[in-house]
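Reader: Could you zoom in on one part of this for me and then work outward from there? Keep it casual, but give me the cut-offs.

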There are 2 protein chains.
Amino acid sequence: MDYSEMHPYDVRKLIRDGKITTPTAGMCAGYAQANLVILPKDIAYDFLLFTQRNPKSCPILEVSDVGNKMLNFLGKDIDITTDIPKYRVYEDGVLTGEYKDIGDLWRDDFVSFLIGCSFSFESEMIEDNIEIRHIEEKCNVPMYITNIKCTPAGIFNGNMVVSMRPIPYEKIVRSVLVSGAMPKVHGAPIHIGDPSIIGIKSIDKPDFGDSVNIKENEVPVFWPCGVTPQAVVMNVKPKIVITHSPGHMLITDVKNIELKY
Amino acid sequence: MDYSEMHPYDVRKLIRDGKITTPTAGMCAGYAQANLVILPKDIAYDFLLFTQRNPKSCPILEVSDVGNKMLNFLGKDIDITTDIPKYRVYEDGVLTGEYKDIGDLWRDDFVSFLIGCSFSFESEMIEDNIEIRHIEEKCNVPMYITNIKCTPAGIFNGNMVVSMRPIPYEKIVRSVLVSGAMPKVHGAPIHIGDPSIIGIKSIDKPDFGDSVNIKENEVPVFWPCGVTPQAVVMNVKPKIVITHSPGHMLITDVKNIELKY
């Protein structure tokens, strides 16, 4: 079944009915996908402030109303407890379960944060004839914990996580311009070149995701990554936090091009 | 005394020492000025969410730490209780006083919101040879309450307030591009032309500020205005809210050009 040409509304229905449980990469071409972090209201102010102070790594697409399972802005009839293929529940910082539906776990004090995802700018870069190595190699993007300190907010603090894409010299400038035009989904790179400058010891050993090949005439280019807010939340070890399972994103009704201005 | 060429740090010292008590328009050329809203923590989450959902009218430049008079990001040694020339205090929605210093009123649960200001994009437009009528006529910018509904958040709800600048036909496109490049200080216009479409009955009778002359060959162009968050806060009539006095802004160490990307 090819989901790439289907509308997000129809794919979300299949996800809700348990007919899709796989990662969402490549589904609903042209539409933005989002990361999920669900937190209790008592720590939601600090987290919202953290995202305001760190917009490059934590670009917020929507914050739900407290206790409301339904989203208001990212699409028609989105129930955040059923419309993502796979969820992870962490208690006191420990992964305690993976679920296809979190309806039974929902609480009246939960707030859902939907955070922009690099799929959006990758899709624009591909349109612009910039090859994305981890897509070509059919693996996950390599991600690294850096020495770049996020701006703390309340209880939340930590270092920026970045994703890396090898870019040929002649395409570095366009890759900055194309991704930089989409600040709501991480925007421009945070670093270009020598990984040691941002505290990365070994480019072959990413902290998350998979290692990819860097060819002759290519430079590693680093973007702020949506894993940052998840890592920062885990530092705090809240009593409960629910996220999407890696790669299993919310597919929104928002087109990537709408995130440009 | 000409404050236009002085550094913000030095002008803020004069303000702190009570030596400047006037409006700040024209001071410290090239540096951004900011609107102020101080609220108690118990309603700060809803307000922060309101600004997240309405970034065009409420572009946040900084949110202080709870109870901390000192800002972290907008400049060196900024004490928010002394470094603005004039403050207004509202209790239950009623203006109860105007102060040059709010040190005695400060509380441990206060949060300061600093919000971007149209001075920043006006300064860029003037550089680009676009005349700003209310500056030429030495009066306040005309502002109007529209029929455009803000996206509600918690207790906060209301309509967008816009500012209007008459622009000649041949400069409309550049005025969109120049201001649109500065999304952190309101960004692109929200409406161009016929005022009735956004619910403005009489262009000669602004709800705030002063009426300005619209010449032959000019079109009224409307931008989201930083008075919106103040108006929305007043709708709620909180027990206490402190703002800057109109025109008496915080002068930051951030250059307008830094708000571009």
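Author: A:Pro238 is buried, at a relative accessible area of 6%; buried here means under 20%, exposed means over 50%, and partly exposed is in between, using a 1.4 Å probe and protein chains only. Before going on: this is a predicted model, where local features need pLDDT of at least 70 and side-chain atom pairs count only at pLDDT 80 or more, while totals for chains, interfaces and linings use all residues. Residues are numbered from 1 along each chain as its sequence is written, chains are lettered from A and ligands numbered from 1 in the order in which they are written, and side-chain values use heavy atoms, leaving out hydrogens and water.

Back to the proline. A:Pro238 sits in the loop between α6 (227-236) and β10 (241-244) of chain A; helices are DSSP runs of H or I with at least four residues, strands are runs of E with at least two, and both are numbered from the N terminus. Leaving aside residues up to four places away in sequence, A:Pro238 touches A:Ile43, A:Glu91, A:Asp92, A:Gly93 and A:Val233, where contact means heavy atoms within 4.5 Å. A:Ile43 is 195 residues away along the chain, yet the two C-alpha atoms are separated by 8.6 Å.

From A:Ile43, step along to helix α2 of chain A, residues 44-53, where 9 of the 10 residues are buried. Among them are A:Tyr45, A:Phe47, A:Leu49 and A:Arg53. A:Asn54 is in the loop between α2 and β2 (60-63) of chain A, and A:Asn54 is buried too, at 8%. Its side chain reaches back to the backbone oxygen of A:Phe50 at 2.9 Å. Again not counting residues up to four places away, A:Asn54 touches A:Cys150 and A:Thr151.

Now the same helix in the other chain. Where chain B meets chain A, 16 residues of B are in contact with 17 of A. The two bury about 1,400 Å² between them, 63% of it on carbon and sulfur atoms; that area is what two parts lose in accessible area (1.4 Å probe) on being put together, summed over both. There are 2 salt bridges between the chains, each being a side-chain nitrogen of Lys or Arg within 4 Å of a carboxyl oxygen of Asp or Glu. One of them joins A:Asp65 to B:Arg53, N to O at 3.0 Å. On the side of chain B that touches chain A, α2 (44-53) and β2 (60-63) of chain B are the elements that give two or more residues, with α2(B) giving the most, 6 residues.

What relates the two copies? Chain B superposes on chain A by a rotation of 180° with 0.0 Å of shift along the axis, at an RMSD of 0.0 Å. That is how a two-fold axis relates its copies; the fit is least squares on C-alpha atoms of residues with pLDDT of at least 70 in both. Of the residues of chain B, B:Tyr45 comes closest to the rotation axis, its C-alpha at 2.7 Å. Also, 100% of chain B's interface residues are interface residues in chain A as well, so the copies meet through the same surface.

Methods. A polar contact is a pair of N or O atoms within 3.5 Å; within protein, one must be able to donate a hydrogen and the other to accept it, and residues adjacent in sequence count only if both atoms are side-chain atoms.
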